[in-house]
Amino acid sequence: MNKKPLFRSRRRTFAFLLFVVLSLAIFVVVYAFVDNSRVVLDRQTVTVPSLPTSLEGATVLLISDLHGMRFGGEQDSIDMAVSSNRVDVIVFAGDMLTPEGGDEAFLELIGALSDRKKPMFFISGDEDLPTDEQASATSWTYAPWIKRAQEAGAVFLDAPQKVKIGSGTLWVMNGLTRATDATDTRVQLESRVASLLREGSGGLENRALDVSRTRLKLDAAARTEAALAEITPSDVQIGVVHNPLTEDFVRDLTRRSAPAVSGVNPVEGFASTDVLLAGHYCGGGTRLPLLGAVHVPAPRLPEEGWWPRQEQVWGNATVGGIQQVITRGLGVSALQKPLRARLFNTPAVTLVRLTARWEQ
């Protein structure tokens, strides 16, 4: 039997398959490169039944997980994605720095959006530390990147911030603010400072650092208490968190939470905000067509974040009775699996529109 035709047929089949595989690989690489250099605008609508007429249609631009990346010169691709859409408030939900802590890209983004002349607020994420104890052996201050961001025009959310939109009032705060009692926190911190100052002369340097750290927290607690006392029932409250709430976390918090002396329940505190805005998941990083995200860095999700449901990754959903919007974000986290890369997952910023009407 002549085996040469069969051998040539198998060789042609192998060559064809190799060509297909290499072509797909090249396509994926080129697509990922092009796709990761652009930014799209996601739109989410949040219903707040008690929303005042003056705040109907108000919008919050949610940006998260820049991870020090650049999108166009001076971040103009991000600004162009928003285009001429109405923006009333801009919030940055953490992880805006490079893995090494570089803040240049974040400062460029603040500069690019500052032309809109809208209030900008930010929190830290789990990869950008908010405090800096290295500046002095006896001083605990906010990290230099926070100071530079504030000098550039953004406000760090260590206390709730008031925004007037027409005759309506919107409050933007760290989403964890409502999970504790501000007065109780202030009293405890005051007691802690007094106790430290009464202690003996041993360990002066460590005690000075502890006093500095506690006073920094006390200042934020006092401003938080004053701001919360100013909020009225008609005001809208927006909480900003980095890590999204999960059903498992809320259930666990409900089981473990006994109201404090002041009567504050953390779950009820979260629910007292009209909506939580979050990031962290980066849209799942690597997404597969028709299947969605492969993994998100969330151990509390089923299967420790592998193959999560779409509503758990990004978009608008209710978690334990709490409204939450998760943005797809711009970069990719060091915690992302199986690859630290965005694939079939276009970088995005999210425009959140508030309405009193129920919309499908």
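These are short questions and replies on a predicted model.

Me: Why is leucine 24 called exposed?
Reply: Its relative accessibility is 51%. Exposed means over 50%, so leucine 24 counts as exposed. Leucine 24 lies in helix H1, residues 4-35.

Me: What makes up the nonpolar surface patch of about 510 Å²?
Reply: Phe16, Leu17, Phe19, Val20 and Leu24 make it. Patch residues need over 30% relative accessible area. Leucine 24, at 51%, meets that cut-off.

Me: Which residues touch the most other members of the largest nonpolar core?
Reply: Ile63, Phe92 and Phe106 do, in a core of 35 residues. Helix H3, residues 104-114, gives the most to this core, with five residues.

Me: What is phenylalanine 92 in contact with, leaving aside its neighbours within four places in sequence?
Reply: Its contacts are Ile63, Phe106, Leu109, Ile110, Leu113, Met120, Phe121, Phe122, Ile123 and Val240. Contact here requires heavy atoms within 4.5 Å. Apart from this core lies another, of 25 residues, including Val48, Val60, Leu62 and Ile238.

Me: How do you know that the buried residues of helix H4 line one face?
Reply: The buried residues of H4, residues 144-152, are Trp145, Ile146 and Ala149. Seen down the helix axis, they fall within an arc of 100 degrees, so they line one face. Just after H4, glycine 153 takes a positive phi of about 125 degrees.

Me: What makes the phi of histidine 280 worth a remark, and where is this residue found?
Reply: Phi is near 75 degrees, a positive value in a residue other than glycine. Histidine 280 is found in the loop between strand E11 (275-278) and strand E12 (287-288).

Me: Is histidine 280 buried or exposed, and how do you know?
Reply: Its relative accessible area is 2%. Buried means under 20%, so histidine 280 is buried.

Me: Why is phenylalanine 344 called partly exposed?
Reply: Its relative accessibility is 30%. Partly exposed lies between the 20% and 50% cut-offs, so phenylalanine 344 fits that class. Phenylalanine 344 also has a positive phi, about 55 degrees, although it is not a glycine. It is found in the loop between strand E15 (322-326) and strand E16 (348-355).

Me: What makes arginine 328 and aspartate 42 a salt bridge?
Reply: Their closest N and O atoms are 2.8 Å apart. The cut-off is 4 Å, so the pair qualifies. Arginine 328 lies in the loop between E15 and E16, and aspartate 42 in strand E1 (residues 40-47), so the bridge ties together parts that are 286 residues apart in sequence.

Me: How do you know that arginine 328 and aspartate 42 are buried?
Reply: Arginine 328 has a relative accessible area of 12%. Aspartate 42 is at 9%. Buried means under 20%, so both count as buried.

Me: Where do aspartate 103 and arginine 148 lie?
Reply: Aspartate 103 is in the loop between strand E3 (89-92) and H3, and arginine 148 is in helix H4, 45 residues apart. They form a salt bridge, with the closest N and O atoms 2.7 Å apart. At 5%, aspartate 103 counts as buried. Arginine 148, at 38%, is partly exposed.

Me: What separates arginine 213 and aspartate 210 in helix H6?
Reply: About one helical turn, because they are three residues apart in H6 (residues 204-230). They form a salt bridge, with the closest N and O atoms 2.9 Å apart.

Me: How many salt bridges does the structure hold?
Reply: It holds 14. Asp158, Asp219 and Arg223 are linked in a network of salt bridges.

Terms used. Residues numbered from 1 in each chain as written. Predicted model: local features only at pLDDT ≥ 70, side-chain atom pairs only at ≥ 80, totals over all residues. Heavy atoms only, no water. Core = buried A, V, L, I, M, F, W, Y, C linked by side-chain atoms within 4.5 Å. Buried < 20%, exposed > 50% of the residue type's maximum accessible area, 1.4 Å probe, protein only. Helix = DSSP H or I, 4+ residues; strand = E, 2+ residues; numbered from the N terminus. Patch = residues over 30% accessible without salt bridge, like charges linked within 9 Å, V, L, I, M, F, W, Y side chains within 5 Å. Areas by Shrake-Rupley, 256 points an atom, 1.4 Å probe, with all protein chains shown as cover. Salt bridge = Lys/Arg side-chain N within 4 Å of Asp/Glu carboxyl O. Arc of directions from axis to C-beta.
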